[in-house]
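Please open the model in your viewer and keep the sequence panel beside it. The tour begins with the whole chain and then turns to individual residues.

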Amino acid sequence: MTINKITPGQPLTSTQKFGLELAAILSGGRDVVLAIDLTESVGLNDEGRIRLRQIIEDSLKPGDTVYVVPFAKNVDLGGVTSGVNQLAAPMYFSSKNQENIDKILARIPFISDPNRYGTDIQRAELTIYQSIAQINQNRVQNNQLIKAQSIVWVTDAPLLTQPGISSQVWIETPADSRFRISDSPESQERQAWIKALPLKVRSRPIITKDNKEYKLTVVDIDPTIQEFCTPAPGGQETCLVTPYLIRKLWLPGLVVLLIITGLFWTAFKLYRLQKRWQLIVDFEATTKPEDQRCRLLNNKRIAIGEYDATCVDSIDCPGVEVRAYLERKGEKLYLVPTNSAPIFYQGTKITSPTPISRSSFRLNCPDNRQNDYEIIIKVKK
């Protein structure tokens, strides 16, 4: 597959930004660039080394990809000459163990190079910002998950200055640098990337033994790619971001939807199980439309006949025995006869546990002379 050099695209919608954040979460890692100024004016001191070690030892997480990029007048790309993906030799931080930490620390130039001078900071910014954007864009073209990204700058040069950096702003910029000209293509391209990428900047000053200052600055970049929407035949428009998000998120989205649906269903079932049922009892022998209300919880029962201490309530009928139980099991109600005296459900004599599917049903508890004693029970769940 041919990879094209990326240029700044058009703004993303809030929905697209949210989708890209989800895609980055699924990728399980970040791109971390350690951009180290090698000029003698920085000269990493003990504090600077400690802070860099802190970043490596404490903040890197399994799944991170680390790039070490030294710079001064030019940016050291480790022999890479491609204009497409300019950051070389990535190190994959697979697990947080001493071996992986030492491997990254060994690549960091903790000592300045006396042969390096004239930090062209705007050239370094353009190279690194364009390159780190290219990495995510390459992932999109290869249908891979993108990552959140961070650049750790260690330099005494000012960052994110306006195009056309003069000697008053930064004296070390080489005299022949195209970045001294505000409207040069290089200056405009750098400014376009600074505008296109969602940069979040945090900085910490560090004082050297010569009482000079340099800074350790972390620039976090939310997971992003460059959007390009192009008119297509038939009044259509073809874009990059939304189709990519559909390809990467439909299956995880379906899984999440099923999980959420399952959780709601489980919560609903638990609610239904915990809810008290009301049983409204109407004795046909009386003129009252409602003679008794009983409440029934899950795994509880109501006695029909005499009082039973194991039951939450009882429904009176002729005789001195318990004829049956109304027993709740989850969402189902059962009539469980004791066979000590006859009981009829909807006109049928019951001799074994019988499920009751009706919300209103009739029981008959005849006395010794076979006189009917009918009860109508309505169930409100």
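What follows is a walk through a predicted model, from overall form to the cysteines.

**The whole chain**

Begin with the protein chain in cartoon representation, where the secondary structure comes to 6 helices and 19 strands. The radius of gyration of the chain is 38 Å, well over the 21 Å that the globule rule gives for 381 residues, so the chain is more spread out than a compact globule. If you orient the view along the principal axes, the C-alpha trace spans about 120 × 60 × 35 Å.

Next, colour the chain by relative accessibility: of its 381 residues, 42% are buried. Switching to a surface display brings up an accessible area of about 20400 Å², and carbon and sulfur atoms account for 53% of that area. Among contacts with a separation of 6 or more, 61% are between residues 24 or more positions apart. If you then select the charged side chains, there are 47 positive and 41 negative charges, whose mean positions lie 5 Å apart.

**The disulfide**

Now select cysteine 229 and cysteine 239 and show their side chains as sticks. These two residues form a disulfide, with their sulfur atoms 2.0 Å apart, and the structure holds 1 disulfide in total. Where in the fold do the two partners, cysteine 229 and cysteine 239, lie? Cysteine 229 is in the loop between strand 6 (213-221) and strand 7 (230-232), whereas cysteine 239 is in the loop between strand 8 (236-238) and helix 6 (241-274), so the pair ties together parts that are 10 residues apart in sequence.

Looking along the S-S bond of cysteine 229 and cysteine 239, you will find a torsion of about 120°, so the disulfide is right-handed. With the accessibility colouring still on, cysteine 239 has a relative accessibility of 25% and therefore counts as partly exposed.

**Two further cysteines**

Finally, select cysteine 294 and cysteine 311. Why is there no bond from the sulfur of cysteine 294 to the closest cysteine sulfur? That closest sulfur belongs to cysteine 311 and is 11 Å away, which is too far for a bond. Taken from the other side, the closest cysteine sulfur to that of cysteine 311 is in cysteine 294.

Are these two residues, cysteine 294 and cysteine 311, buried or exposed? Cysteine 294 has a relative accessibility of 0% and so counts as buried, and cysteine 311, with a relative accessible area of 9%, is buried as well.

Technical notes: Residues numbered from 1 in each chain as written. Predicted model: local features only at pLDDT ≥ 70, side-chain atom pairs only at ≥ 80, totals over all residues. Heavy atoms only, no water. Disulfide = S-S within 2.5 Å. Helix = DSSP H or I, 4+ residues; strand = E, 2+ residues; numbered from the N terminus. Buried < 20%, exposed > 50% of the residue type's maximum accessible area, 1.4 Å probe, protein only. Rg over C-alpha atoms; globule rule 2.2 N^0.38 Å. Contact = heavy atoms within 4.5 Å. Areas by Shrake-Rupley, 256 points an atom, 1.4 Å probe, with all protein chains shown as cover. Lys, Arg positive; Asp, Glu negative; His and termini not counted. Charge placed at Lys NZ, Arg CZ, Asp CG, Glu CD.
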